[in-house]
Amino acid sequence: MLKFWLYILVLLVICVLGLSIGSANEALVSFDFLIVKTEMSLAMVLVVGVVFGIIIGLYISSIFCLKVWFKARSSHAQVKKLKKQEQKLQAKLEEAQG
């Protein structure tokens, strides 16, 4: 959990640095979205880029996390099944010996 908060802190520091650098530069840049072309300040372009980067990163990491979660869940079910089989075999072995 500490690792998570460390990542969040580093991300916030990077965002603040990016915004401070961008706000120092008041130049207008022409920014072309997929549909609309507009002129924005450099700081706003940085904010849009960081937000989209975070959203895409969260989406990709959630896909990988879900994949691992489903794998772990199926593995847990297999372990339960194998434990039941082991108990049955143990019971049969005790019957045969006793």
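## The largest pocket

Helix α2 gives the largest share of the lining of the largest pocket, with 5 residues. Keep in mind as you look around that this is a predicted model. The pocket holds about 200 Å³ of space, and its lining draws at least two residues from each of two helices, α1 (2-24) and α2 (42-97).

If you would like to find the pocket in the viewer, select Phe4, Tyr7, Ile8, Leu11, Gly53, Ile54, Gly57, Leu58 and Ser61, which line it. By residue class, the lining has 6 nonpolar and 3 polar members, with no charged ones.

## Ile21 on helix α1

Now let us turn to a single residue of α1. Ile21 sits in this helix, and it counts as exposed because its relative accessible area of 59% is over the 50% cut-off.

A useful partner for orientation is Val50: along the chain, Ile21 and Val50 are 29 residues apart, and 13 Å separates their C-alpha atoms.

## The annotated span

What does the record say about residues 25-85? An unreviewed UniProt entry annotates this stretch as "domain: Lipopolysaccharide assembly protein A".

In the model, helix makes up 72% of residues 25-85 and strand 16%. The C-alpha atoms at the two ends of the span are 69 Å from each other.

Technical notes. Residues numbered from 1 in each chain as written. Predicted model: local features only at pLDDT ≥ 70, side-chain atom pairs only at ≥ 80, totals over all residues. Heavy atoms only, no water. 1 Å grid on protein atoms, 1.4 Å probe; cavity = no way out; pocket = protein on both sides within 12 Å on 5 of 7 lines; lining within 4 Å. Points joined across faces, edges and corners; volume = space filled by probe spheres on them. Helix = DSSP H or I, 4+ residues; strand = E, 2+ residues; numbered from the N terminus. Nonpolar A, V, L, I, M, F, W, Y, C, P; charged D, E, K, R; others polar. Buried < 20%, exposed > 50% of the residue type's maximum accessible area, 1.4 Å probe, protein only. UniProt positions renumbered as here; feature names shortened; annotations may be inferred.
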